[in-house]
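Here is a short report on strand pairing, salt bridges and the main pocket. Read it alongside the coordinates.

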Amino acid sequence: MAYRCKNDANWTMIFVSEGALRLTGYTQDNLMNSKVIDYSSLIHEDYVDLVWDNVQKALNINGKYLIEYKIRAKDGTEKWVWESGFGVFDEVGDLLFLEGFIMDITERKNAEDELILAKEKVEDNEIHLKTLINTIPDLIWLKDKEGIYLNCNNRFEDFFGAKENEI
């Protein structure tokens, strides 16, 4: 969704593209001039301050901002969005309005979350496997095809009098 909005607490939309409907569930007409709903009402409550603070800080520095946050669409679904925008200033440096683009990144964020969970699961499994291997009284080691030791259990360390990272 491309937009032009005021820098006010409601993020009053002066213009929104047709992508507004797909992104938010609200038509262009619903969002423009807060006719039916303010864009600020769509921002998930956990992110309202973050969005405001990031935009205001950016306007004070160089006028450009990039933010990721959640919105709640008309049908109640939560979506992650990526917003890129900038302040448009007049010739004396007064802010006229904000312009930018907001894109649905929900699939990407869900994939990131799944990767984090999978990594944690693998790390948990590695810890459990290492614990299990260390309870076995036999010497256990793992070498690669070049004969380099990759892993060993505590019994193996004790037998050779060296730590795993030394072996």
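The report below goes from the strands to the salt bridges, then to one arginine and the pocket. The model is predicted.

**Strands**

Start with β3 and β4. Strand β3 covers residues 64–72 and strand β4 covers residues 78–89. They run antiparallel, joined by 9 bridges. Within this pairing, Lys70 sits opposite Trp80 of β4. The two strands form a hairpin with 5 residues between them. Gly76 in this hairpin takes a positive phi near 95°.

β4 also pairs with β5, a strand of residues 95–104. This pairing is antiparallel too, and it counts 9 bridges. Glu83 has Ile102 in β5 as its bridge partner. Again there is a hairpin, with 5 residues between β4 and β5. Its turn holds Gly93, with a positive phi of about 95°.

One general point helps when viewing these strands. Side chains in a regular strand alternate between the two faces of the sheet.

**Salt bridges**

How many salt bridges does the structure hold? The total is 9. Three of them are listed here with their N to O distances.

| Pair | Distance, N to O |
|---|---|
| Lys35 and Asp29 | 3.0 Å |
| Glu68 and Arg108 | 2.7 Å |
| Glu78 and Arg72 | 2.8 Å |

Take Glu68 and Arg108, whose side chains meet in a salt bridge. Glu68 belongs to strand β3 and Arg108 to helix α4, so this pair ties together parts that are 40 residues apart in sequence. Both ends are partly exposed: Glu68 has 29% relative accessibility, and Arg108 has 35%.

Now Lys35 and Asp29, another pair of side chains in a salt bridge. Is Lys35 buried or exposed? Lys35 counts as exposed because its relative accessibility is 57%, and the cut-off for exposed is over 50%. Asp29 has 41% relative accessibility, so Asp29 counts as partly exposed.

The third pair is Glu78 with Arg72. Glu78 is partly exposed at 37% relative accessibility. Arg72 is partly exposed at 30%. This pair is part of a wider set: Glu45, Lys70, Arg72 and Glu78 are linked in a network of salt bridges. Lys70 is also the residue that stands opposite Trp80.

**Around Arg72**

Arg72 lies in strand β3. Which residues does Arg72 contact, leaving aside neighbours within four places in sequence? They are Leu42, His44, Glu45, Thr77 and Glu78. Among them, Glu45 and Glu78 are also in the salt-bridge network with Arg72. For a distance check, take Gly100. Arg72 and Gly100 are 28 residues apart in sequence, and their C-alpha atoms are 19 Å apart in space.

**The largest pocket**

The largest pocket has about 160 Å³ of space. Its lining consists of Glu126, Leu129, Lys130, Ile133, Ile140, Trp141, Leu142, Asn151, Cys152 and Asn153. Three elements give two or more residues to this lining: α4 (106–135), β6 (141–143) and β7 (149–152). Which element gives the most? It is α4, with 4 residues. By class, the lining has 6 nonpolar, 2 polar and 2 charged residues.

Helix α4 thus appears in two places. It holds Arg108, the partner of Glu68 in β3, and α4 gives the most residues to the pocket lining.

Terms used. Residues are numbered from 1 along each chain as its sequence is written. This is a predicted model: local features need pLDDT of at least 70, side-chain atom pairs count only at pLDDT 80 or more; totals for chains, interfaces and linings use all residues. Side-chain values use heavy atoms; hydrogens and water are left out. Two strands pair if DSSP finds at least two bridges between them. On a 1 Å grid over the protein atoms alone, a cavity is a set of points where a 1.4 Å probe fits but cannot get out, and a pocket is an open set with protein on both sides within 12 Å along at least five of seven lines; lining residues have an atom within 4 Å of a point. Grid points are joined across faces, edges and corners, and a volume is the space filled by probe spheres set on the points. Ala, Val, Leu, Ile, Met, Phe, Trp, Tyr, Cys and Pro count as nonpolar, Asp, Glu, Lys and Arg as charged, and the others, Gly among them, as polar. A salt bridge is a side-chain nitrogen of Lys or Arg within 4 Å of a carboxyl oxygen of Asp or Glu. Buried means under 20% relative accessible area, exposed over 50%, partly exposed in between (1.4 Å probe, protein chains only). Contact means heavy atoms within 4.5 Å.
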